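The following exercises concern the architecture of a predicted model. Each task is followed by a solution in steps.

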Amino acid sequence: MALLFKTAALLLKPTRTLPSTLKVVRHYSAGGQYEYIIVEKRGQKLDVGFIQLNRPKALNALCDGLMIELGKALDAFEADGTVGAIVLTGGDRAFAAGADIKEMQNRTFQECYSGNFLAHWNRVSTVRKPVIAAVNGFALGGGCELAMMCDIIYAGEKAQFGQPEILLGTIPGAGGTQRLTRAVGKSLAMELVLTGDRITAQEAKQSGLVSKVYPVDQLVSEAIKCGEKIAANSKIVSAMAKEAVNAAYELTLAEGNRLEKRLFHATFATEDRKEGMTAFVEKRKADFKDQ
C-alpha cells in the first residue's frame, strides 16, 4: 500500500547493465508471458532466479496484475530444481513506490473484507527458497512491505524506506505494522507508521532492516552473488534453515529451540548432510545433490 509520486514517475527506466561474466537466461519470460515483470535465471550456473518489477512509469506501483504475475513467477522458480535462491528487484529510481492507489481508491469495506484484499501478496513470504530483495530508490508502503517479506534485504546507497499510508488516511495492510516492528523495534516503527517519514539506506542498515548497502550500480550483482552462495548449498537443508530462522518470529524461545532441534536432527536423514561432513573430514569441497 502507499504513496505514488506522479511528478517523479517521468524518465524512470530500469537499468539492466550486467557484468560481462554473468550468465543470463530469460527462461520464463518468453512469449510475452509477463506484462509487469521481467523474469530470468542468472549466475554462473544459472541457479539464481531473477525477478524485476517493470512498471517504470508508475514507479513500479504494485497493481493487482503485477502481484499476480509475481506469484506465478515465484511458483515457477519454486518448482524449478535448478534454482536455489531468488533475487527480487525493481529499477534504479524505485524498487516499488507503493500499491496502485488508483486501483484501491474506490473500494468499499465490503469488497476488501469479503475478498480478503491483499491476501495473495503473502506469497512472497511463503516461498520455501531464500528470497533476496535488492532495493534501489523508493521502497514505500507496499514496496517496503514487499521487501520485508523477503529473507534478506540489500539496499542501494540512495534507497529510501517508509510506510506513508497514514498520509492517505489508512494504515499498512500487507504486514507493515508487524514486520517493521519486528525488524527495527517499536519506537522507530511507530515513528515511521504514524508520521509517514522515510529512512535512508544507511539508517535502515543501522536499525537492522537491511543487511548490506552497496553503490547503486553494484547492488543487483551483489545480490546475485549472495544468491549464488546460497544456491551452492543443499537446497533441502537451506529450506530447513530458513524455516528455523523464520520460526523465531512466531515462537517462544523454548518452542523455537525445540523446532530447531527437530530440524537439525532431520538433516541427518539427508544424503547432503552425510556428504557435507564427509567432505569436511576429507578436506574437499562438498558436492551436494539436494537429497
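## Exercise 1: A helix pair

Helix 10 and helix 11 are roughly antiparallel to each other.

**Task.** Derive this orientation from the helix axes, and state which residues make the contact.

**Solution.**
1. The axes of helix 10 (residues 235-247) and helix 11 (residues 253-267) cross at roughly 175° and come within 10 Å.
2. Angles over 145 degrees count as roughly antiparallel, and the two helices are therefore assigned to that class.
3. Helix 10 contributes V237, M240, E243, A244 and A247 to the contact, while helix 11 contributes L259, L263, A266 and T267.

## Exercise 2: An oblique pair

**Task.** Classify the packing of helix 5 against helix 6, and give the handedness of the crossing.

**Solution.**
1. Helix 5 and helix 6 (residues 176-184) pack at an angle of about 60°, and their axes are 10 Å apart.
2. Angles under 35 degrees would count as roughly parallel, and the range 65 to 115 as roughly perpendicular. The two helices are therefore oblique to each other.
3. The crossing of helix 5 past helix 6 is left-handed.
4. On the side of helix 5, E145, M148 and M149 take part; they meet G176, R179 and L180 in helix 6.

## Exercise 3: The four-stranded sheet

**Task.** Describe the open sheet of four strands, explain why one side of each edge strand lacks a neighbour, and place helix 5 relative to the sheet.

**Solution.**
1. The strand order in this open sheet is 5-7-9-10, and the pairing is mixed.
2. Strand 5 (94-96) and strand 10 (198-200) are the edge strands; each has a single partner strand, so one side of each is left without a neighbour in the sheet.
3. On average, neighbouring strands of the sheet are turned by 20° against each other, direction ignored.
4. Helix 5 (residues 142-149) packs on the sheet and touches strand 5, strand 7 (138-140) and strand 9. The direction of helix 5 makes about 90° with that of strand 7.
5. Strand 9 (residues 160-162) and strand 10 run antiparallel and are joined by three bridges. In this pair, F161 stands opposite I199 of strand 10.

## Exercise 4: An enclosed strand

**Task.** Determine whether strand 8 is enclosed or open to the surroundings, and identify the strands joined to it.

**Solution.**
1. Buried means under 20% relative accessible area. Four of the five residues of strand 8 (residues 152-156) are buried, so strand 8 is largely enclosed by the rest of the structure.
2. Strand 6 (residues 131-135) runs parallel to strand 8, with four bridges between them. A134 has Y154 in strand 8 as its bridge partner.
3. Strand 11 (residues 212-214) is also parallel to strand 8, and three bridges join the two. Here A155 stands opposite V213 in strand 11.

## Exercise 5: Two positive phi values

**Task.** Locate L59 and K283, and decide for each whether it is buried or exposed.

**Solution.**
1. Most residues other than glycine have a negative phi. L59 has a positive phi of about 55° although it is not a glycine, and phi of K283 is likewise positive, near 55°.
2. L59 lies in the loop between strand 3 (48-53) and helix 1 (64-79), whereas K283 lies in the segment after helix 12 (271-281).
3. L59 counts as buried because its relative accessibility is 1%. K283 has a relative accessible area of 76% and is therefore exposed.

Methods. Residues numbered from 1 in each chain as written. Predicted model: local features only at pLDDT ≥ 70, side-chain atom pairs only at ≥ 80, totals over all residues. Heavy atoms only, no water. Pairing = 2+ DSSP bridges. Axes fitted to C-alpha atoms, helices over the stretch in contact; angles between N-to-C directions. Contact = heavy atoms within 4.5 Å. Left-handed = near helix turned anticlockwise from the far one by under 90°. Buried < 20%, exposed > 50% of the residue type's maximum accessible area, 1.4 Å probe, protein only.
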